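Me: I would like a close look at one strand in this model, with its surroundings described step by step. After that, please place it against the other parts of the structure.

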Amino acid sequence: MKHNTILIVDDEQKYVEMLARRLELRGLKCSYCFNGNDGIRMITDNYYNLVILDLRLPDLYGTEVLIEMRKIRPDIKILILTGHGSDKDREDCMASGAFSFMRKPLDIEQLMTIMTQINEVEE
Amino acid sequence: MKQKFHSFFFILWPRFFRELSEHIIPYLTFNNYPRIWVRGILILVSTSLIPLFVMTGIYYQLIEKSIDNALILRTERVASNTRRAVSFFFEERLAALKFMVNDRDYKDLINPTQLSEILKNLKLGFGGLTDLSVIDYNGTQLTYAGPYNLEGKDYSQQNWFLECQKRNAYVSEVFSGYRGVPHIVVAVKHTRPDGNFFIIRATLETERLFNAVTSYKSGTYADIFMINHDGVVQSPSKYYEKKTRRISIEVPEYSSRTKALLTKDRKGIPVIVSYAFINTSITPTPFILIVVKEKEGVSVMKIWLGLKTNFNLFLAISAMVIVLIMSLTATSLINKIYFADRSKAEAMLSAEQKGQLASIGQLAAGVAHEINNPLALINETAGYIKDLFVIKSQYQDDPELIEQIDVILDAVERCGAITRQLLGFARQLDVESRSLNLKVMMTNLLSFFQKEAEYRNISILLDVEDGTPSIETDRKKLQQILLNLINNAFQAMDKDGNLSIKIGIVGTDMVRISIEDSGCGIEEHHLNKIFDPFFTTKQEGKGTGLGLSITFGLVKKLHGNISVNSKVGEGTTFVITLPINFKKEEKHENSTG
């Protein structure tokens, strides 16, 4: 599989590790960080097929990170994954160019479907 | 019809008698609507009816007084005219007798033939004369001319003879005497040159006199008659002739002039009585002329009484209409006040309830969010374990598995902690007025804002003075008050704020809780309005304007006070003082108030 790199930005370490393991079991290559600024730095240095981004981060709000990342890489695909997101958050994120919006607890099969879609588009 | 009556009655019957639910009573501005209603009606009705009745009464009196005066004058005139006629009747006859005794010789007079001649001439002149007689100073009748032969009769002991002797002339009452026919005697005394006197006496038929009197009578309710000085009726009378022949009004006091007065007869009928003592220039008579008019019988009076009935009817209808309109006005006004008051009270009540629900709802939402993160973790961990089973086959001897299960258990423990906290809070809400540690309570409350504070980088400082006692109060209400104020503080602050809560003691029996935020502050001209119901500076639809008003009400219910200090851009401080013993305050209030 060619397009298989994912960046997870979420402040809950245990959660991130667990999600990464599960995705790796499915053949994806995962990187992660625990705050927005790190996330922005990482996408500047590396290429990711998908960024999984939480909204509540200790330093920046998810939408700010989203906008910042899109400035750096306008074609970047960002999936918002949040436990707190309101409908307004969803609207804001979609308007700011998020690729998708999902709520925790995550349905991993749905995420895999999205991954497949991305691969198809990129091929 | 019955339905209509009911619905009409319903308009008059104010709403607050029908629908007053107990819950809203404490929120009403006025608490005794029935009393306000009754007072309103009484004031409106009396201010409109009293002047009406007083004016009508005065008007009636004026009219009746002037009618009475007119009636008295009129009756007096009738009496005066009749009196002149009657006096003249007697005077004429006495004068004729006087002329006769001076004109004729004594010898002529004691001659029966001559006397008969004189009687004949007098009859031609005056008529109504029955007989003539001459009586000597002994009282013996000397000559008699007339239909009854009474010659030689002795009158010496009779009253009239004695009276005539005294006064030189005499007019008798009406009497029947020896003849059995009512008549009047007139007599004149004449002294002869030898010093002896004689009396000439004439008997008059009463018919002419009575005709003269009754000719002045007018109308069915009037009566003219004569009485003697003892009140015995002397001439035909419509009312008083019959049985006792005594008049049913008082015999008036002597007066030389015609007089009139208003009185009531013995049956209680109001009458106008005019009377005149009849005297001639020659001698007084025993007669009193009486004119009686029944007031109701006089035409002016009749017209007035008819009018008065109409007036009274009109007055009664007006009074009824006034009472009705005033009652309706009072009812509708007070109903309107009541409705306004009730809707205000309902808004307060529902806002208080909603305020409570909103806070608990807010809590629940917060809790749900907090639980969501551990749940997400459980989800992924459990998912990973499942993955290990499904995707990898080396599950059996993998020590990692145990590790992951620990993660799950840890996450579950976190959920449990949050749930316990929530349950503990809910349990506290059920307890009313029990010894309450403010520090514990505040710490519990603040834990619900912890995440929010962390996220927005708001630092929370809780400072409880040493020696602050536990207080006796209504836990639910105090929690609501503090939740509202802390919530307000959080709403006022952006990122990086400071919330400082200080608890201390004031005097010996009060505690003081100050909640200070570094938020946007309140403009000075808004400060005195922030506790008013429906006052809000938030955008339309964002705030009800009731939060602080309810908080204020709750503080008052706990016998406490709340004050505010604020500076735009620097922050706001709310200070609550509460009695240490709420029950004691309540008792104190009951005994003094």
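Reply: What follows starts with one strand of chain A and then moves outward to chain B. The model is a predicted one.

The strand is β4 of chain A, residues 78-82. Five of its five residues are buried, so β4(A) is largely enclosed by the rest of the structure. Buried here means that 20 or more other C-beta atoms lie within 10 Å of the residue's own. The side chains can be sorted by direction: Ile78(A), Ile80(A) and Thr82(A) point one way, Leu79(A) and Leu81(A) point the other way, and all are buried.

β4(A) has a pairing with strand β3 of chain A, residues 50-53, which is parallel and holds three bridges. One of the positions in register is Val51(A), whose bridge partner in β4(A) is Ile78(A). The connection between these two strands involves helix α3 of chain A, residues 62-72: β3(A), α3(A) and β4(A) make a β-α-β unit, and this unit is right-handed.

β4(A) also pairs with strand β5 of chain A, residues 100-103, again in the parallel sense, over four bridges. In this pairing Leu81(A) stands opposite Met102(A) of β5(A). From β4(A) the chain passes through helix α4 of chain A, residues 87-95, before reaching β5(A), and this β-α-β crossover is right-handed.

The setting of the strand is chain A as a whole. Chain A contains five helices and five strands, and from the N terminus on they run β-α-β-α-β-α-β-α-β-α. Of its 123 residues, 34% count as buried. Among the contacts in chain A with a separation of 6 or more, 58% are between residues 24 or more positions apart.

Chain A is in contact with chain B: 15 residues of chain B meet 15 residues of chain A. On the chain B side, the largest share, 13 residues, comes from helix α8 of chain B, residues 299-391. By residue class, this side of chain B has seven nonpolar, six polar and two charged residues.

Chain B has a sheet of its own to set beside the parallel pairings of β4(A). Five strands of chain B form an open sheet in the order β2-β1-β5-β4-β3, with antiparallel pairing. β2 (141-145) and β3 (169-171) of chain B stand at the edges with a single partner strand each, so one side of each has no neighbour in the sheet. On average, neighbouring strands of this sheet are turned by 15° against each other, direction ignored. Within the sheet, strand β4 of chain B, residues 183-191, runs antiparallel to strand β5 of chain B, residues 197-205, and nine bridges join them. One of these positions is Lys189(B), whose bridge partner in β5(B) is Ile199(B).

Two helices of chain B go with this sheet. Helix α5(B), residues 112-125, packs on the sheet and touches β1 (129-136) and β2 of chain B, its direction making about 140° with that of β1(B). Helix α6(B), residues 159-167, lies across β1, β3, β4 and β5 of chain B and runs at about 140° to β3(B).

Further along chain B, helices α12 (residues 475-492) and α13 (residues 547-557) pack at an angle of about 145°, with their axes 9 Å apart. The crossing of α12(B) with α13(B) is left-handed. Among the residues that meet there are Ile481(B) and Leu485(B) of α12(B), and Leu554(B) and Val555(B) of α13(B). This contact comprises four nonpolar, five polar and two charged residues.

Technical notes
Residues are numbered from 1 along each chain as its sequence is written. Chains are lettered from A and ligands numbered from 1 in the order in which they are written. This is a predicted model: local features need pLDDT of at least 70, side-chain atom pairs count only at pLDDT 80 or more; totals for chains, interfaces and linings use all residues. Two residues are in contact if their C-beta atoms, placed from the backbone, lie within 7 Å. Ala, Val, Leu, Ile, Met, Phe, Trp, Tyr, Cys and Pro count as nonpolar, Asp, Glu, Lys and Arg as charged, and the others, Gly among them, as polar. Axes are lines fitted to C-alpha atoms, for helices over the stretch in contact, and angles run from 0 to 180 degrees between N-to-C directions. A crossing is left-handed if the near helix is turned anticlockwise from the far one by less than a right angle, and right-handed if clockwise. Two strands pair if DSSP finds at least two bridges between them. A residue is buried if 20 or more other C-beta atoms lie within 10 Å of its own, exposed if 12 or fewer, and partly exposed in between; C-beta atoms are placed from the backbone. A crossover is right-handed if, with the strands pointing away from the viewer, the path from the first strand over the helix to the second runs clockwise.
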